[in-house]
Amino acid sequence: MSAETPAATGQFTVRRQQFRAWRGERPFWAGLFVLLSGLPIAYFPYANLQIGHLTLAMATTAGAGSLIIGVLLVVLGVSLWFQKHVRVFAGVAAILLALVSIPVSNLGGFLIGFLLALVGGAMAVAWAPGARPAGQSAAMASTGTGGTPEATDHETTVLRPVDAVDEPNDLSGTNPANGANGRHSAG
């Protein structure tokens with residue numbers, strides 16, 4: 001009797017392909033680099049290095065600032081994974097936080113966190129969503145079998161003009177034809 005069954009192998013392959021499809025639709029590596037950059041930036045100001053019998057305390061007066069920068073970088077890395085539309089903001093914020101970490105957090109976590117944040121931020125700003133492969137149909141993508149789900153009705157996101165020709169397209173709520181008579185209603 002084998003520990004590896006055909007069902008387990010197929011399940012692993014399906015999960016790996018799903019993760020690959022999910023990873024391909026977002027700036028995954030940029031998010032990973034930004035997330036990893038926050039760890040040394042937040043850790044090193046609170047660490048004590050042991051060299052033989054010599055204890056080297058690296059705590060600085062800006063320990064809280066280092067912790068805040070590190071946590072923000074981790075949050076930006078996670079947001080790059082799950083909210084890909086904020087990639088430019090998160091990339092620029094990661095680069096700025098990396099630059100601020102140089103004087104605040106022991107040269108940006110001994111340049112490890114600084115360089116990871118710079119590379120990850122640049123990758124996030126430069127990332128652009130790719131086109132869907134030609135072999136993958138929209139029906140397969142909407143069922144959730146191959147990757148992340150997508151909307152099947154793409155017409156709901158398009159703004160259309162008003163059907164009547166003579167009426168203005170006033171959505172402010174101040175047009176008397178809307179029944180508002182210049183008043184804003186709260187309910």
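Let's start at helix α5, which covers residues 106-110, because F110 sits there and I'd like you to find that residue on the screen. This is a predicted model, by the way. F110 isn't a glycine, yet its phi is positive, at about 55°. As for its surroundings, F110 is partly exposed, with a relative accessible area of 40%.

Now look at L111. Here again we have a residue that is not a glycine but has a positive phi, about 65° this time. L111 is found in the loop between α5 and α6, and helix α6 spans 112-126. Its relative accessibility is 41%, so L111 counts as partly exposed too.

Let's go to the other side of α5. In the loop between α4 and α5 you'll find S105. Is S105 buried or exposed? It is buried, and its relative accessible area is 0%. What does the side chain of S105 make a polar contact with? The partner is the side chain of S66, at 3.5 Å. If we leave aside residues up to four places away in sequence, S105 touches I41, P45 and S66.

Let me zoom out for a moment, for those of you who are seeing this one for the first time. The protein chain has 7 helices and 2 strands. Reading along the sequence, you get α-α-β-β-α-α-α-α-α. There are 187 residues in the protein chain, and 28% of them count as buried. The accessible surface is about 12,500 Å², with 66% of that belonging to carbon and sulfur atoms. And here's one on how the chain folds back on itself: take the contacts between residues at least 6 apart in sequence, and 64% of them join residues at least 24 apart.

Next, the inside. In soluble globular proteins, nonpolar side chains tend to be buried together. In our model, the largest nonpolar core has 15 residues, and the ones touching the most other members are V34, I69, L73, L76, L80, A94 and L97. Which helices each supply at least two residues of this core? They are α2 (28-43), α3 (63-82), α4 and α6. The largest share, 5 residues, comes from α4.

Let's pick out L80 from that list. Not counting residues up to four places away in sequence, L80 touches R26, P27, A30, G31, V34, R87, A90 and A124.

One of those neighbors deserves a closer look, and that's R26. You'll find R26 in the loop between α1, residues 6-24, and α2. R26 and L80 are 54 residues apart along the chain, but their C-alpha atoms are separated by 7.4 Å. R26 counts as buried because its relative accessibility is 9%, and the cut-off for buried is under 20%. So what lies around the polar atoms of that arginine side chain? The backbone oxygen of W22 lies 2.9 Å from a polar atom of the R26 side chain. The backbone oxygen of W81 lies 2.7 Å from a polar atom of that side chain as well.

Finally, let's come back out to the surface. There is a nonpolar patch here of about 390 Å², made by V88, V92, L96, L99 and V125. Which helix gives the largest share of the nonpolar patch? That's helix α4, residues 87-104, with 4 residues. V88 is one residue found in α4, and V88 counts as partly exposed because its relative accessible area is 41%. So if you turn helix α4 around on the screen, you can look for both: α4 gives the core its largest share, and α4 gives the surface patch its largest share too.

That's my tour, and I'm happy to take questions.

Key:
Residues are numbered from 1 along each chain as its sequence is written. This is a predicted model: local features need pLDDT of at least 70, side-chain atom pairs count only at pLDDT 80 or more; totals for chains, interfaces and linings use all residues. Side-chain values use heavy atoms; hydrogens and water are left out. Patches are made of residues with over 30% relative accessible area and no salt bridge: like charges are joined within 9 Å, nonpolar side chains (Val, Leu, Ile, Met, Phe, Trp, Tyr) within 5 Å. Accessible areas come from the Shrake-Rupley method with a 1.4 Å probe; for residues, only the protein chains shown count as cover. A salt bridge is a side-chain nitrogen of Lys or Arg within 4 Å of a carboxyl oxygen of Asp or Glu. Buried means under 20% relative accessible area, exposed over 50%, partly exposed in between (1.4 Å probe, protein chains only). A polar contact is a pair of N or O atoms within 3.5 Å; within protein, one must be able to donate a hydrogen and the other to accept it, and residues adjacent in sequence count only if both atoms are side-chain atoms. Contact means heavy atoms within 4.5 Å. A nonpolar core is a set of buried Ala, Val, Leu, Ile, Met, Phe, Trp, Tyr and Cys residues joined through side-chain atoms within 4.5 Å.
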